[in-house]
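Dear colleague,

Please find below the sequence and the structure that I am handing over to you. What I found in it follows underneath, set out topic by topic.

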Amino acid sequence: MSSMYDTREFRRGLKVLINNDPWVIVDFQHVSPGKGAAFTRTKVKNLRTGQVVEQNIKSGDKLEKPDVEERNMQFLYADADGFNFMDTGNYEQISLTNLEVGDTKNYLIENSVIKVVFFNGKPIGVETDTFVELKVVETAPGVRGDTATGGSKPAKLETGLVVSVPFHINEGDILRVDTRENVYVDRVNRK
């Protein structure tokens, strides 16, 4: 595999190096204007800061592949110093700051295994699945017959995240949540 990516190789989720920082391609569009050179309009997210920017990259330009590695690690606990994880292979423990974890903290459940992202051998952040399942710990009681009105109410989940849910959702229900948008998707029926 080459250590450079041409604009023709762009795809969502591809990790690239821009200005010595690791970025991931969120979205892109190849543009061929009537006048001037073709380019790729690229939306990228900084893996260290979470900042999302749009850049135009000339067709044919190449971007470097960053030294990024993902390791499965178990989330142990959060404390005043940060979020603590353990490598499930060698039991090495690391700590990430609130800034490094960012909004992903809304999806961290103690003892769950998630991907920790390393850049040049140093941990810089975490990645969660697109959809996670979380338990409702606080919401107004469901109202019988109120399932088709299209309204919603707030529900607090086990991690502290609050999402809008339909009226038929109750405390104790397990919900599937989209981590990209922080929104309720559906209720998970576990029997």
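The domain bounds used here come from an automatic or database domain assignment, and I should say at once that this is a predicted model. On that assignment the chain falls into domain 1 (4-64), domain 2 (68-127) and domain 3 (131-187). Between the C-alpha centres of domain 1 and domain 2 there is a distance of 27 Å, and to the contact of these two domains six residues come from domain 1 and five residues from domain 2.

Let me turn to the interface itself. The size of an interface is often given as the accessible area lost when the parts come together. For domain 1 and domain 2 the buried area is about 540 Å², with 70% of it on carbon and sulfur atoms. Of the area that domain 1 buries against domain 2, 70% is supplied by Lys15, Leu47 and Arg48, which is more than any other three residues supply.

As for charged and polar pairs, two salt bridges are counted between domain 1 and domain 2, and across the interface of these domains one residue pair, with both residues at pLDDT 80 or more, is found in polar contact. On the side of domain 1 that touches domain 2, the residues comprise three nonpolar, one polar and two charged. Lys15, already named for its share of the buried area, has its side chain in a salt bridge with that of Glu127, at 3.7 Å from N to O.

The count of salt bridges by the rule applied here comes to 13. Among them is the one between Asp6 and Arg8, whose closest N and O atoms are 3.6 Å apart. Are the two partners buried or exposed? Asp6 counts as buried because its relative accessibility is 6%, under the 20% cut-off, whereas Arg8 is exposed, with a relative accessible area of 69%. Another salt bridge joins Asp27 to Arg12, where the closest N and O atoms lie 2.7 Å apart.

Finally, the aromatic rings: the structure holds two aromatic pairs. In one of them the ring centres of Phe75 and Phe83 are 6.2 Å apart and the planes stand at 40°, so this pair is tilted, the angle being neither under 30 degrees nor over 60. Both Phe75 and Phe83 are buried. Phe75 also forms an aromatic pair with Phe85, which is tilted as well, with 5.4 Å from centre to centre and 50° between the planes.

With best regards

Notes: Residues numbered from 1 in each chain as written. Heavy atoms only, no water. Contact = heavy atoms within 4.5 Å. Buried area = accessible area lost by both parts, 1.4 Å probe. Salt bridge = Lys/Arg side-chain N within 4 Å of Asp/Glu carboxyl O. Polar contact = N/O pair within 3.5 Å; in protein donor to acceptor, adjacent residues only side chain to side chain. Nonpolar A, V, L, I, M, F, W, Y, C, P; charged D, E, K, R; others polar. Phe/Tyr/Trp six-rings, centres within 6.5 Å; stacked < 30°, edge-to-face > 60°. Buried < 20%, exposed > 50% of the residue type's maximum accessible area, 1.4 Å probe, protein only.
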